[in-house]
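Colleague: I would be grateful for a close look at a single part of this structure, with each term explained for a first-year student.

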Amino acid sequence: SSSRGGWGHRPWQLDKMQLCHETPRGAQGARCRDLWAFETQELLRRQIEKSNRVHERKCGAIATTIFAVSLSFMALTVYFLSSRESGDTAAVSAEMKVNENLTSEQLDPYRKEKELLRQAAKRGLKRTAQLASHGPEARQTAKDEGHEDNTKVQSGNSTVPTEEHSHADRPKAASPTKEALWKPRKPVSHPKEVLQKTAKNASQLEWWEKNRKPGQPWPLLFCWSHMEAFGEEQELVMSQLRGKFGIFSCNDFCVISRTSKPVALGPHPRNRSKIVSTWPNERGPDYRGNTAAGDATSSYVNAGTFLMAWKTLMASGALWDHDWIVKVDPDAVFFPDRLRKRLVPRTKPPHGPGPFYYLDCPVDGGKIYGSIEVYSIFAMLKFNQSIEECEQLPYLHWGESLFMENCMKHLNGNDNAVRDYMLVGDNRCTQADCNDMGRVAFHPQPTIGGYWGCAKVATSTWT
């Protein structure tokens with residue numbers, strides 16, 4: 001038996017079933033049993049329908065509750081976003097009102113320093129023709145006119161720097177004059193196979209070794225990269241800094257970002273008490289080119305971004321005490337020591353020095369592919385003095401490597417182009433495996449694992 005309200009038979013049904021079974025066999029007993037079976041099936045059907053209706057009501061109530069909660073959540077989200085937008089608008093309006101009351105000096109605290117830098121650059125351009133011969137008469141004339149380099153003082157027969165430039169801080173302004181470049185430094189001893197000195201000049205550096213520094217490899221390289229902050233590229237650059245690898249093993253280096261403030265990267269590789277930070281060049285993001293729309297590249301149209309970076313570098317004065325300037329992409333596995341061995345012949349006579357620039361891709365008679373760009377200090381001097389001519393080029397739809405290629409060809413001519421198509425292993429032009437000992441860089445390696453994996457293969461092969 002079952003309790004009342006269950007799926008079993010009720011008491012009156014049991015009595016009726018017993019009555020039907022006690023009925024004699026025959027037509028009356030058959031009708032009784034058929035009627036009892038019909039009533040039982042009907043009762044079961046009604047119970048099933050009732051259960052379905054209860055289930056549907058419960059499901060409807062749950063769905064209504066979920067819908068109400070969703071509407072409430074959407075309303076709260078809209079309210080929060082509208083409140084935040086109104087708050088941002090009010091903050092921007094308040095900032096604009098404050099800026100209206102600021103003077104130009106308050107808005108740009110380095111305005112005076114920038115003006116002095118521009119004036120110094122103009123004076124340097126006026127003296128370029130006079131100092132071109134680099135002879136004693138030209139230098140004596142410069143002294144008579146009062147154009148001595150004030151950043152150094154004379155001590156006996158040597159030139160002693162008055163202060164050391166720290167590239168982890170804000171770059172210092174300096175006028176890059178040829179006179180400063182040609183001043184000899186304090187004599188130091190170096191390997192004979194590099195200096196090739198005679199007994200007569202053994203106590204003095206050769207004129208092409210003007211930038212030598214004690215305890216540092218030569219030729220002197222200034223290496224830099226443009227980094228996209230707050231992403232995988234920054235993590236890659238920070239890993240290179242921790243490993244003292246790539247541009248961070250050059251004689252000097254810097255990293256430029258398009259941020260409004262410096263971005264700290266980590267301790268200096270040669271002075272742990274200092275922090276290396278990016279040089280900020282506040283600028284909007286670059287866009288990918290569309291050749292069908294008139295752009296010269298399908299990659300990023302970033303000539304303007306890198307032109308701004310080059311101006312920052314040249315105005316800082318950080319370049320001019322080096323022999324070569326090297327721009328390196330953050331995802332290029334770069335070996336400065338390998339590059340120095342290739343640059344020595346063009347840093348000293350009989351083949352150098354000169355306004356050289358390297359073409360590393362054999363397309364159309366030689367092109368610059370921007371994973372690594374190599375320029376002599378004299379090519380950079382010409383670039384700094386005549387940058388206005390390059391700004392007349394239609395570079396707004398160009399990539400940065402195309403801009404520098406056309407600018408260098410225009411300023412320094414094809415004769416000073418060094419075509420070295422084994423310089424870099426680049427998948428876009430001169431592809432090479434990481435175990436190729438003849439390459440100074442491998443590109444691209446955008447992930448930290450891939451980058452250091454390639455560096456490990458290249459280093460083990462080299463050693």
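Modeller: The account below turns to a nonpolar core and then to one charged residue.

This is a predicted model, in which local features need pLDDT of at least 70 and side-chain atom pairs count only at pLDDT 80 or more, while totals for chains, interfaces and linings use all residues. Residues are numbered from 1 along each chain as its sequence is written, and side-chain values use heavy atoms, with hydrogens and water left out.

A nonpolar core is a set of buried Ala, Val, Leu, Ile, Met, Phe, Trp, Tyr and Cys residues joined through side-chain atoms within 4.5 Å; buried means under 20% relative accessible area (1.4 Å probe, protein chains only). The largest such core has 36 residues, and W224, W310, L313, M380, F383 and F403 have the most contacts inside it. Seven residues, the largest share of this core, come from α10. Helices (H or I, at least four residues) and strands (E, at least two) are DSSP runs, numbered from the N terminus. Contact means heavy atoms within 4.5 Å. Leaving aside neighbours within four places in sequence, M380 is in contact with residues including W310, M314 and W320.

D360 lies in the loop between β10 and β11 (372–376). D360 is buried yet has no salt bridge, and the nearest side chain of opposite charge, R428, is 7.4 Å away. A salt bridge is a side-chain nitrogen of Lys or Arg within 4 Å of a carboxyl oxygen of Asp or Glu; Lys and Arg count as positive and Asp and Glu as negative, while His and the chain ends are not counted. The side chain of D360 does reach the backbone nitrogen of Y369, at 2.9 Å.

Definitions and conventions
Buried means under 20% relative accessible area, exposed over 50%, partly exposed in between (1.4 Å probe, protein chains only). A polar contact is a pair of N or O atoms within 3.5 Å; within protein, one must be able to donate a hydrogen and the other to accept it, and residues adjacent in sequence count only if both atoms are side-chain atoms.
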